[in-house]
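Reader: I would like to learn how to read the packing of helices and the contact between chains in a model like this one. Could you take me through it feature by feature?

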Amino acid sequence: MTASTTSTHDLPAAVEAPAVPASTSRRGWLIGAAVAAATFGLGLTVPFITSDPFIMSLALDAVILALLALSLGFLARHLGLISLGHTAFFGGSAYMVAMTTTHWDWGPMRAAAVAVLAATLLAVLFGALVVRASGMGFLMLTLALGQALYSLTVQTSSRPVTGAFDGLQVSYPADARFLGLTRAEVGDPGLFWPVAWSCLVLAAVALWVVGRSRFGTTLEGIRENEERMRFSGYGTFVPRLIAFVISGAVAAVGGALFALNSRFVSPELLGFATAGDSLIAAIVGGLGTLVGPVVGAALYIYAQSEFNDSGNLHLYTGLALILVLMFLPGGITGGLQRLWRRLPIGARRGGGR
Amino acid sequence: MSIAEVLNGVALGSLLMVLSSGLAMIYGLRGVTNFAHGALYMVGAYVAYSVGTRLSFWVALLVVPVVLAAVGVVLELVFFRRLEHRSHIEVGLVTFGLALVGERIVVLIWGERTLSADPPSALSGSISVLGTNYPTYRLFVIVAALAMASALVLYLSRSERGLHIRAASHDLETASIMGINVDRVSLFVVALGAALAGLAGTLAVPYVSLDPGMGAGILITVLIVVVIGGVGSIGGAMVAGMGLGIAQTVGTTISPSIAVVIPYLALVLVLLLRPTGLAGRRAA
């Protein structure tokens, strides 16, 4: 079954919702660019609005989780594939930062760049193994590969390299600079914010452009009917692999940012729970829209700060996941989108987004 | 490699067999990977612990599968049946949410600390197997699980209900056209799958220690077993479960660092060489 084609029944309704225009007009590109620029500018003002370090650190956590959720949303939206293994690229990249700075004395800049590159290469390897699968097969394969990396990381014989269950410090000289920021500044959520926010907006724009390009149209064809695409003379393996690697790279950027900011990596980053949490964030926010996973990530971080003390976080996130899947397919942003289409102004614009 | 090590592998393999056959049955019929299967096993173990410490292990062995079958009925009626026309992935993710909630409820009731129980007095001590002393209880786990597995195979291949289950797993639509009450078959299968998970949980109580992470931990292994065995194939899942249990336990005694990757390695190898699993049929 893992080699089966994507049957329509395998496609989550959560990702069926969007009718992405096949091609985007010049006006569409302009509107997109304007929205991106405005969002980018508005986001940069956040550290000036609040100086509370706790809120800032939550906002930063949300942006980092959003990168992971965004990468999951991209695969779901354009290929109908749900991954539980992107922690391998997120956590793998974070571990690379920790290992190269600690063991090899690399500077933060070089470590982060190589970490993202290495995790992206890992995505090529994993992708080659899994992208032929679809639906449940894909979900289980990505889960298994992600957990394999986790098991390798935590075993005792890996202790000299990964620190096993203890995790690893990201240690580099205090005056080494990352994009002009010293080590202390990178660890300061307010000062690190512009870097993280830029990465998020850039990633979102990149994924949006890819989705609207000719390549995006090919992906959509594969999502809707993989077999027909093959019969029409399109290779489907390479486009799927490319999409998987793009998505993995976005997750890797999130992992590198996390490692630099927190200066500590632990096996949790690679664990089943992180995979599940990021997926829940993406689904609750809405897999059908570009911003859905970002909204979900922000909500998740908020919920985490509210409920973590009682230890009941997963009780609520589990309930949220069940309720959204049962009653609000398309998540929060998908629900808002449907609401907007019902309004006179939304309907007139033909349900534009 | 001693006899005791091999038997340990068989004991782990027996538990995996019982768990994965339930998961494979539900998958075969509903097309849904039940991510709550690990949670069912865990709930079974905790309920068995409470019943076992208050009454007796033997009562637990009877009661827990029934309780879990009831949970399975709820699972089928409230979730699987209502969501039958939704994509399988979405239903699978709903079970993932259920597992998270279930895990937390277990913590709220039984607490977070690790629990353990002794085997019933009739099964304590050890027996000499080919000159090696081996714990009686583990032999009991092996015998009980193997008996359960053979009973299940016989039931599926010989009884009329078994025929209906096999037909419905093969092609739900055709089976219902041929007059099989698919809803009833499905209810039965999900209840049976959950009961088997409960049985595995009960057997596990005196064998492994209980902690709230035990469900998620074994779930991944069971998922791998089911994929290796050929998704939806009960026989394949049983063989893969036993094989993996032995390989992992024996592997651990040789090199722990190699043993942890055995399941993943096996999975990747099987999928590269035989993408539909050991006993896989071509997916519809």
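Reader: At what angle do helix α1 and helix α8 of chain B pack, and how far apart are their axes?

Author: Two packed helices are described by the angle between their axes and by the distance between those axes. In this predicted model, helix α1 (residues 3–30) and helix α8 (residues 182–204) of chain B pack at about 165 degrees, with their axes 9 Å apart. Because angles over 145 degrees count as roughly antiparallel, α1(B) is roughly antiparallel to α8(B). The crossing in which α1(B) passes α8(B) is left-handed.

Reader: Which residues meet where α1(B) and α8(B) are in contact?

Author: From α1(B), the residues include Leu15(B), Val18(B), Leu19(B), Gly22(B) and Ile26(B), while those they meet in α8(B) include Val189(B), Gly193(B), Leu196(B) and Ala200(B). By character, the residues of this contact between α1(B) and α8(B) divide into 16 nonpolar, four polar and one charged.

Reader: How should I describe chain B as a whole, and how many helices and strands are there in it?

Author: Begin with the elements and then turn to the overall dimensions. Chain B has 12 helices and two strands, and along the sequence they follow the pattern α-α-α-α-β-β-α-α-α-α-α-α-α-α. The radius of gyration of chain B is 18 Å, close to the 19 Å that the globule rule gives for 284 residues, so chain B is as compact as a globular protein of that length. Its C-alpha atoms fill a box of roughly 55 × 45 × 35 Å along the principal axes, and buried residues make up 55% of the 284 residues in chain B. Among contacts in chain B between residues at least 6 apart in sequence, 77% join residues at least 24 apart.

Reader: How many residues of chain A are in contact with chain B, and which element of chain A gives the largest share?

Author: For an interface, one counts the residues on each side and then asks where they come from. Here 38 residues of chain A are in contact with 35 residues of chain B. On the side of chain A, the elements that give two or more residues are α1 (13–16), α7 (135–154), α14 (272–285) and α16 (313–327). The largest share, 11 residues, comes from α7(A), and the residues of this side divide into 24 nonpolar, 13 polar and one charged.

Reader: Where is Asp105(A) found, and is it buried or exposed?

Author: Asp105(A) is found in the loop between α5 (87–104) and α6 (108–130) of chain A, and it has a positive phi of about 60 degrees although it is not a glycine. With 12 other C-beta atoms within 10 Å, Asp105(A) is exposed.

Terms used:
Residues numbered from 1 in each chain as written. Chains lettered and ligands numbered in written order. Predicted model: local features only at pLDDT ≥ 70, side-chain atom pairs only at ≥ 80, totals over all residues. Axes fitted to C-alpha atoms, helices over the stretch in contact; angles between N-to-C directions. Helix = DSSP H or I, 4+ residues; strand = E, 2+ residues; numbered from the N terminus. Parallel < 35°, antiparallel > 145°, perpendicular 65-115°, else oblique. Left-handed = near helix turned anticlockwise from the far one by under 90°. Contact = placed C-beta atoms within 7 Å. Nonpolar A, V, L, I, M, F, W, Y, C, P; charged D, E, K, R; others polar. Rg over C-alpha atoms; globule rule 2.2 N^0.38 Å. Buried ≥ 20, exposed ≤ 12 C-beta atoms within 10 Å, placed from the backbone.
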